[in-house]
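User: Could you teach me how to read a structure like this one? I would like to go feature by feature.

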Amino acid sequence: MSSKIINFSPGPSKLPEDVLLQVQRELLDYHGTGISVMEMSHRSPEFMKIVTDAQENIRQLLNIPSDYTILFMAGGGTGQFAAVPLNLLPSTGKAVYLNTGTWSAKAAKEASKYGCVIEIKPDFKSSSNEIQWDHDEDVSYFYYCSNETVHGIELNFIPDTHGIPLVADMSSNILTKDFDITKFALVFAGAQKNIGPAGVTLVIIRNDLLGKQSVHCPSVLNYSVMAKENSLHNTPPCFNLYVMALVFQWISEQGGVKVMEQRSNAKSQMVYEVIDHSSGFYSCPVPASVRSRVNIPFRIQNGNEDLEKQFVDEAKRRNMIQLKGHRSVGGIRASLYNAVTVDEVSLLTAFMKDFMKSKL
Ligand code: PMP
């Protein structure tokens, strides 16, 4: 049993211990200024350096070319559900939303306040990676969520939109996998899973999409305003942004996104292996082709709620916490973001095997 708490939270989630220790060391006196980052002007040279270093680091980590702008915004993923249509969807325009679960559905609902939303549902049981939809030249953008945090559905391919600008919510799997940013017009991600503390949101936008916002777009959600003012149009979530910068640095020091991806593959395979070799004691409701590497939902004896409660309680006694499934779907969910280590996942899989043995 681990003497330390192992946190499998879906978000806000575990941060790398090295990052938290650095925050602790710098808390009362940031780099000799005698004050903390929380108490510092966001226009000070020290804070401006945090912003530019974070931008440079994420540009390098994701190999982002110069025709893309990196923004740090407030408002979380939900803020972006409004920002995307307010910046990219003319009031007479249309956007296609791929509905894969809770978060893409919420995004579509929000966007429909601002323009015409065409919702499509994929068929993950078909063997093809193609998303079927009627291509329409008038569509302003095609939107999808690369990883549905609640349902544990992750697309392992980038949809082919036939030239229509592609927008992705990568809140729960960004930086866990290498991807080609040039296939996207815009990517956003709330921080609280793989990036840092909740409150800051990463937006990566191709420059030709700037300047198309609606006249009603609030300045704090306006990508052009934020781009012109280097994300400092108003006071940003300073402390969160600072911790995010440390997480970017930590990922670089670990070897970058490719190393995160290898670990992510290894960790998720360990859990799926136990599920798939449990003769149905554990089951994952997600079709194999779209199983998430970062959020693994599973049931015990096809939804025996009493056993599932026992599992969560017993895990907690063994210092493994936040394993309860989302309230809308029930069951168990293990979230294995970048800060969760392979050793921690080994302890989880050992517990899963022990628990199963004790109930057979
Ligand atoms: N998108 C995804 C994929 C999410 O998992 C979440 C939150 N868990 C959101 C959007 C919403 O983010 P926020 O709570 O920061 O608004």
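Analyst: We will go from the whole chain to its helices, core and domains. This is a predicted model, in which local features need pLDDT of at least 70 and side-chain atom pairs count only at pLDDT 80 or more, while totals for chains, interfaces and linings use all residues. Residues are numbered from 1 along each chain as its sequence is written.

User: Where do I start, and how many helices and strands are there?

Analyst: Start with the elements: helices (H or I, at least four residues) and strands (E, at least two) are DSSP runs, numbered from the N terminus. Here the chain has nine helices and 14 strands. Then look at the radius of gyration, which is taken over C-alpha atoms and set against the globule rule of 2.2 Å times the number of residues to the power 0.38. The chain has a value of 21 Å, close to the 21 Å from the rule for 360 residues, so it is as compact as a globular protein of that length.

User: What share of the residues counts as buried?

Analyst: A residue is buried if 20 or more other C-beta atoms lie within 10 Å of its own, exposed if 12 or fewer, and partly exposed in between, with C-beta atoms placed from the backbone. Of the 360 residues, 43% count as buried.

User: How do I read a helix, say H2?

Analyst: An α-helix has 3.6 residues a turn, so residues three or four places apart point the same way. Helix H2 (residues 45-61) has 17 residues and spans 24 Å between its first and last C-alpha, close to the 24 Å expected at 1.5 Å a residue; that expectation is 1.5 Å times one less than the number of residues. Phe 47, Ile 50, Val 51, Ala 54, Asn 57 and Ile 58 are its buried residues. Seen down the axis of H2, they fall within an arc of 135 degrees, so they line one face of the helix; the arc is that of the directions from the helix axis to the C-beta atoms. The face turned away carries the exposed Pro 45, Lys 49 and Thr 52.

User: What do the buried residues of H2 pack against?

Analyst: Contact is the idea to use: two residues are in contact if their C-beta atoms, placed from the backbone, lie within 7 Å. The buried residues of H2 pack against strand E2 (68-73), strand E10 (201-206) and H6.

User: Which residues of the largest nonpolar core touch the most other members?

Analyst: A nonpolar core is a set of buried Ala, Val, Leu, Ile, Met, Phe, Trp, Tyr and Cys residues joined through C-beta atoms within 7 Å. The largest has 94 residues, and Ala 111, Tyr 143, Leu 186, Leu 241 and Met 244 touch the most other members. Helix H6 (residues 238-254) gives the largest share, 10 residues. Leaving out residues up to four places away in sequence, Met 244 touches Ala 54, Ala 191, Ile 195, Gly 196 and Val 200.

User: Why does Leu 89 count as buried?

Analyst: Count its neighbours: Leu 89 has 24 C-beta neighbours inside 10 Å, so it counts as buried. Leu 89 sits in the loop between H3 and strand E3 (94-98).

User: How are the domains arranged?

Analyst: Domain bounds come from an automatic or database domain assignment, which here gives domain 1 (18-254) and domain 2 (256-359). Their C-alpha centres lie 27 Å apart, and 24 residues of domain 1 are in contact with 24 residues of domain 2. On the side of domain 1 that touches domain 2, H6 gives the largest share, three residues.
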